[in-house]
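Me: Could you take a close look at one part of this model, the second largest pocket, and then set it beside the other spaces and the ligand site? I would like a connected account rather than a list.

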Amino acid sequence: MRIFRHDVVDSTNERAFAALDAGDARHGDVHVARAQSAGRGRLGRAWHSPPGEGLYLSAILMPPAPPPPSPALTIAAGLAVLDAVRHTARALGLGSDFAPRLKWPNDVLVGDAKLAGILVETRGLDAERPCYVVGIGLNVAQRSFPEDLSNERAVTSLALAGIETTVDRSCEVVSEALLARTASFGEDDLAALDRDYARAAQLDGGTVRIEAKGVLAGELVGLSIRGGLIVRDSKGNEHRTPLELVRAIVPVV
Ligand code: BTN
């Protein structure tokens with residue numbers, strides 16, 4: 001693993017793509033910056049990236065062909081960040097009352113507040129030589145957030161959750177967890193991702209509302225990378241939605 005440290009960049013994902021364009025990128029390369037001037041989030045949102053407070057990291061992943069089934073990488077990246085956060089909390093002796101979780105597809109939450117977000121991007125995916133940039137934003141040292149951000153949604157940081165660590169240490173732990181979770185995508189690995197994701201996202205049945213092409217509510221029957229999301233409606237009919245079409249999974253209480 002090579003770590004390339006930048007000061008202020010537009011977006012670490014852009015730096016990773018620039019390295020790929022220059023032809024000198026390797027699997028596992030990590031680009032990390034002290035701040036981003038144009039940090040990108042999912043769905044065209046911005047990612048607030050003040051200097052030294054958060055981890056802004058983009059990893060270049062080149063798994064062997066054929067490409068892993070969509071969206072295995074998205075799910076693996078979410079689990080990797082969760083692994084890293086749990087590992088850090090355990091190392092500091094935090095008890096089981098600290099229970100971070102995932103929200104579809106891979107937001108890392110503490111309670112209902114967002115701790116980390118992930119943006120997986122490809123440009124002209126070549127099935128013979130798959131290549132992805134996995135961008136991870138983890139709130140590490142923030143004690144407060146700009147009002148416009150916290151008005152939009154609940155946000156938190158490791159520091160606010162009682163986890164005192166550094167951005168550099170978080171970079172190491174997250175990079176290692178990401179490489180471990182994406183080392184291979186055989187059938188056993190996919191089954192482990194399905195199992196760990198269902199637990200991490202607390203999707204163990206119950207009534208859910210699915211937002212995909214339309215909106216569907218029903219009992220959650222199953223969620224898997226290969227099989228998609230299966231929901232049973234009130235008439236007992238089962239509906240399968242491929243995961244790449246699922247925009248939101250909302251528990252109905
Ligand atoms: C989200 O919307 O939840 C995804 C946020 C991803 C932010 C990270 S920060 C490092 C990398 N560079 C970017 O421009 N975005 C990702």
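Reply: Thirteen residues, given as 13 in the count, line the second largest pocket, and those that lie nearest its centre are Leu20, Met62, Arg123, Arg129 and Cys131. The structure is a predicted model, and the volume computed for this pocket is about 320 Å³. Sorted by class, its lining holds six nonpolar, three polar and four charged residues, with Arg123 and Arg129 among the residues nearest the centre.

Cys131, another of the residues nearest the centre of this pocket, has its closest cysteine sulfur in Cys171, and because the two sulfurs are 19 Å apart, they are too far from each other for a bond. Seen from the other end, the sulfur of Cys171 likewise has that of Cys131 as its closest cysteine sulfur, at 19 Å, and is therefore too far away for a bond. The count of disulfides in the model is accordingly given as zero.

The enclosed space can be described in a similar way. There is one cavity of 30 Å³ or more, and the space in the largest cavity is about 30 Å³. Its lining is made up of Ala84, Val85, Thr88, Leu138, Leu158, Ser170, Val173 and Val174, and at least two of the lining residues come from each of helix H2 (72-91) and helix H4 (167-181). In terms of class, six of the lining residues are nonpolar and two are polar, while no charged residues take part; the lining of the second largest pocket, by contrast, includes four charged residues.

The ligand has a shell of 20 residues around it, and the closest of these are Ser11, Gln36, Arg40, Arg42 and Lys114. Three pairs of atoms show how some of these residues meet the ligand. In Ser11, a polar side-chain atom is placed 2.7 Å from an oxygen atom of the ligand, whereas in Gln36 a polar side-chain atom is 2.9 Å from a ligand nitrogen atom. Arg42 takes part through its backbone, where a polar atom lies 2.7 Å from an oxygen atom of the ligand. Of the 420 Å² that the ligand exposes when taken alone, the protein buries 98%. Two or more residues of the surrounding shell are given by each of helix H1 (12-22), strand E3 (54-61), strand E6 (113-121) and strand E7 (132-139), and the largest share, four residues, is that of E6. By class, the shell is composed of six nonpolar, 10 polar and four charged residues.

Some details of the backbone complete the account. The peptide bond that joins Ala65 and Pro66 is cis, with an omega of about -5 degrees, and Pro66 has its place in the loop between E3 and H2. A cis peptide bond also joins Trp104 and Pro105, again with omega at about -5 degrees; Pro105 belongs to the loop between strand E4 (101-103) and strand E5 (107-110). Leu43, although not a glycine, has a positive phi of about 55 degrees, and this residue sits in the loop between strand E2 (30-36) and E3.

Notes
Residues numbered from 1 in each chain as written. Predicted model: local features only at pLDDT ≥ 70, side-chain atom pairs only at ≥ 80, totals over all residues. Heavy atoms only, no water. Near = heavy atom within 4 Å. Polar contact = N/O pair within 3.5 Å; in protein donor to acceptor, adjacent residues only side chain to side chain. Areas by Shrake-Rupley, 256 points an atom, 1.4 Å probe, with all protein chains shown as cover. Nonpolar A, V, L, I, M, F, W, Y, C, P; charged D, E, K, R; others polar. 1 Å grid on protein atoms, 1.4 Å probe; cavity = no way out; pocket = protein on both sides within 12 Å on 5 of 7 lines; lining within 4 Å. Points joined across faces, edges and corners; volume = space filled by probe spheres on them. Disulfide = S-S within 2.5 Å.
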